[in-house]
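Reader: Before I trust any labels here, I'd like to hear the reasoning behind them. Can we go through them one at a time?

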Amino acid sequence: MKAYISLLFALLSGSVFAQHNFHKFGIGAGLGFTQAFADLPRHDLGTAGYGNLDYYFTPFLSLGAELQKGKIKAESSPGDESRRRFVNSYTAAAVNGKLYLGALAEYRGNNFLNAIKGLYIGGGAGIIRNNLTTVIRNKIGSEEAKYDDFPGRDKSFELMVPVNLGITFYFADAWSSPRLALNLNLQSTVTLGEGLDGYDSSAMTMRDGYPDIYNYYSIGIRYYLGPLGISKR
């Protein structure tokens with residue numbers, strides 16, 4: 001009888017200790033670089049910042065909102081006499097879901113998997129406000145072409161589809177619950193229109209048929225807060 005009680009206690013204790021608490025909200029902010037893959041071949045780097053708020057269904061499954069603001073720019077190749085270029089002072093808002101490796105792999109007892117349990121993929125949808133403040137070309141002979149000489153728009157709203165790949169490194173508090181985290185993220189965003197670079201490729205001898213895309217390479221800090229959940233992972 002004593003052996004049975006001891007075994008039952010051990011099983012219950014193992015079940016309890018296998019569980020841990022996690023905060024259901026995470027708020028983050030960071031900075032990074034943008035890179036356009038649109039109708040101009042030189043992919044110059046711009047700068048951008050972001051802020052986001054995520055809700056965690058489990059420690060490794062989240063849904064959140066992100067606001068992004070910065071500049072996207074590119075220009076034509078050095079041999080192009082038209083010397084086209086654009087600078088897009090954009091603002092973007094999106095809803096993103098993320099699935100982490102920790103939800104799929106048994107990382108306990110494996111130092112490598114435990115170190116990369118914050119690796120994730122994700123995707124979502126949102127809207128981008130394009131504001132092209134500089135779209136010009138240099139003088140050709142005695143003439144100078146302004147923005148209005150190019151098919152396109154200097155201000156527009158468009159739908160976008162962001163895809164995320166990143167990793168989060170956690171820093172636990174005194175109770176071994178993640179409270180702070182360092183986040184590295186690559187976001188590739190497809191925009192559903194021609195407003196990102198201000199050039200309508202269907203009306204010009206450019207890369208017709210390709211969507212405008214921009215990448216965002218960022219580093220940020222995340223803080224976990226709010227009500228607690230219980231997880232076995």
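Reader: Why is Phe169 called partly exposed?

Author: This is a predicted model, and in it Phe169 has a relative accessible area of 32%. Buried means under 20% and exposed means over 50%, so Phe169, at 32%, counts as partly exposed.

Reader: Where does Phe169 sit, and which residues is Phe169 in contact with, leaving aside its neighbours within four places in sequence?

Author: Phe169 is part of strand β6. With those neighbours set aside, its contacts are Ala115, Leu180, Ala181, Leu182 and Leu184. For Leu182, 13 residues away along the chain, the C-alpha separation from Phe169 is 5.1 Å.

Reader: What makes Leu165 partly exposed?

Author: Same kind of check. Leu165 comes out at 47% relative accessibility. Exposed needs over 50%, and buried needs under 20%, so Leu165 lands in between and is labelled partly exposed. Leu165 also belongs to strand β6, which covers residues 155-172.

Reader: What does Leu165 touch, leaving aside neighbours within four places in sequence?

Author: Tyr120, Ile121, Leu184, Asn185 and Leu186. Contact here means heavy atoms within 4.5 Å. Ser188 isn't in that list; the C-alpha atoms of Leu165 and Ser188 are 8.6 Å apart, with their positions 23 residues apart in sequence.

Reader: And Ser188 itself: why is it called partly exposed?

Author: Its relative accessibility is 28%. Since buried means under 20% and exposed over 50%, Ser188 falls in the partly exposed range. Ser188 is in strand β7, residues 178-191. Beyond four places in sequence, Ser188 contacts Val161, Pro162 and Val163, along with Ile213, Tyr214 and Asn215.

Reader: How do you know that Asp212 is buried?

Author: Asp212 has a relative accessible area of 1%, and the cut-off for buried is under 20%, so the label follows. Asp212 lies in strand β8. Its contacts outside the four-place window include Phe37, Ala38, Asp39, Thr189, Glu194 and Asp197.

Reader: What makes Gly102 buried, and where is it?

Author: Gly102 also shows a relative accessible area of 1%. Under 20% is what buried requires, so Gly102 qualifies. Gly102 is in a loop, the one between β4 (85-100) and α2 (111-115). Its C-alpha is 8.1 Å from that of Pro59, though the two are 43 residues apart in sequence.

Reader: Why is the pair Arg222 and Asp54 called a salt bridge?

Author: In general, side chains of opposite charge can pair when their charged atoms come close. For this pair, the N to O distance is 3.7 Å. The criterion asks for a side-chain nitrogen of Lys or Arg within 4 Å of a carboxyl oxygen of Asp or Glu, so Arg222 and Asp54 meet it. The two partners come from distant parts of the chain: Arg222 from strand β8 (residues 212-231) and Asp54 from strand β2 (residues 45-58), 168 residues apart.

Reader: How many salt bridges turn up in a search of the whole structure?

Author: One.

Reader: Are Arg222 and Asp54 buried or exposed?

Author: Buried. Arg222 has a relative accessible area of 2%, and Asp54 has 2%. With the limit for buried at under 20%, both carry the label, so this salt bridge joins two buried residues.

Reader: What makes Lys71 eligible for the positive surface patch?

Author: Lys71 has a relative accessible area of 36%. A patch residue needs over 30% and no salt bridge, so the 36% of Lys71 clears the area cut-off. The patch is formed by Lys69, Lys71, Lys73, Arg85, Arg129 and Lys155.

Reader: Which strand gives the most to the positive patch?

Author: Strand β3 (residues 61-75), with three residues. Lys71 is found in that strand.

Reader: What does the overall chain look like in terms of helices and strands?

Author: There are two helices and eight strands, in the order α-β-β-β-β-α-β-β-β-β along the sequence. Of the 233 residues, 39% count as buried. The chain exposes about 12700 Å², with carbon and sulfur atoms supplying 64% of it.

Key. Residues numbered from 1 in each chain as written. Predicted model: local features only at pLDDT ≥ 70, side-chain atom pairs only at ≥ 80, totals over all residues. Heavy atoms only, no water. Patch = residues over 30% accessible without salt bridge, like charges linked within 9 Å, V, L, I, M, F, W, Y side chains within 5 Å. Areas by Shrake-Rupley, 256 points an atom, 1.4 Å probe, with all protein chains shown as cover. Lys, Arg positive; Asp, Glu negative; His and termini not counted. Charge placed at Lys NZ, Arg CZ, Asp CG, Glu CD. Buried < 20%, exposed > 50% of the residue type's maximum accessible area, 1.4 Å probe, protein only.
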